[in-house]
Amino acid sequence: MFSSCLFDLYTLILNSLLRAHAYPGKASHISMHFFSTDTRLVLKLNGFNQHLSKYLESVLNVLSDFQINEEDTISWKQELKDEYFRELNQSKKLIK
């Protein structure tokens, strides 16, 4: 369970960091999202554009060298806690 939470936190951090670099992709009608499964991290890129490979390259550059600070980490942890709380409070997901 702990490793799953860390993996979720990592995907949240990646999505947050890449939002800053997302404008060129949005201008080119490219959408990007990281999500985690039980065993892997998945990057989903959608779009039909000749710049898709360049955008993927810039995403990989961000992944290879990103910096985070303590204040951002605290806010990401709280955001993840809130997301878990919302999921637990949904009646469809509760086990009766």
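Which pattern does the protein follow when read along the sequence? Colour the model by secondary structure and trace the chain: the pattern is α-α-β-β-α-α. Keep in mind that this is a predicted model. In total there are 4 helices and 2 strands.

**Stop 1: the core**

Select Leu-14, Leu-18, Ile-30, Met-32, Phe-34, Tyr-55, Val-59 and Val-62. These 8 residues make up the largest nonpolar core. Now colour three elements: helix H1 (2-19), strand E1 (31-36) and helix H3 (52-64). Each of them gives two or more residues to this core. Which element gives the largest share? Helix H3 does, with 3 residues. For the wider picture, turn to the whole chain: of its 96 residues, 23% count as buried.

**Stop 2: Gly-47**

Next, select Gly-47. Where is its place? Look in the loop between strand E2 (41-46) and H3. Is Gly-47 buried or exposed? Neither label fits: its relative accessible area is 39%, so Gly-47 counts as partly exposed. Add Met-32 to the selection, a residue you met in the core. Gly-47 and Met-32 are 15 residues apart in sequence. In space, their C-alpha atoms are 9.0 Å apart.

**Stop 3: Thr-73**

Move along to helix H4, which spans residues 70-89. Select Thr-73, found in this helix. Why does Thr-73 count as buried? Its relative accessible area is 19%, and buried means under 20%. Now show Ile-13 as well. How many residues separate Thr-73 and Ile-13 in sequence? They are 60 residues apart, yet the distance in space is 8.1 Å, C-alpha to C-alpha.

**Stop 4: a charged patch**

Stay with helix H4 and select Glu-79, which also lies there. Glu-79 has 35% relative accessibility, so Glu-79 counts as partly exposed. Compare the values within H4: Thr-73 has 19% and is buried, whereas Glu-79 has 35%. Then add Asp-82, Glu-83 and Glu-87 to the selection. What do these residues form with Glu-79? Together, the four make a negative surface patch. Show the surface and colour it by charge to end the tour here.

Methods: Residues are numbered from 1 along each chain as its sequence is written. This is a predicted model: local features need pLDDT of at least 70, side-chain atom pairs count only at pLDDT 80 or more; totals for chains, interfaces and linings use all residues. Side-chain values use heavy atoms; hydrogens and water are left out. Patches are made of residues with over 30% relative accessible area and no salt bridge: like charges are joined within 9 Å, nonpolar side chains (Val, Leu, Ile, Met, Phe, Trp, Tyr) within 5 Å. Accessible areas come from the Shrake-Rupley method with a 1.4 Å probe; for residues, only the protein chains shown count as cover. A salt bridge is a side-chain nitrogen of Lys or Arg within 4 Å of a carboxyl oxygen of Asp or Glu. Lys and Arg count as positive and Asp and Glu as negative; His and the chain ends are not counted. The place of a charge is taken as NZ of Lys, CZ of Arg, CG of Asp or CD of Glu. Buried means under 20% relative accessible area, exposed over 50%, partly exposed in between (1.4 Å probe, protein chains only). A nonpolar core is a set of buried Ala, Val, Leu, Ile, Met, Phe, Trp, Tyr and Cys residues joined through side-chain atoms within 4.5 Å.
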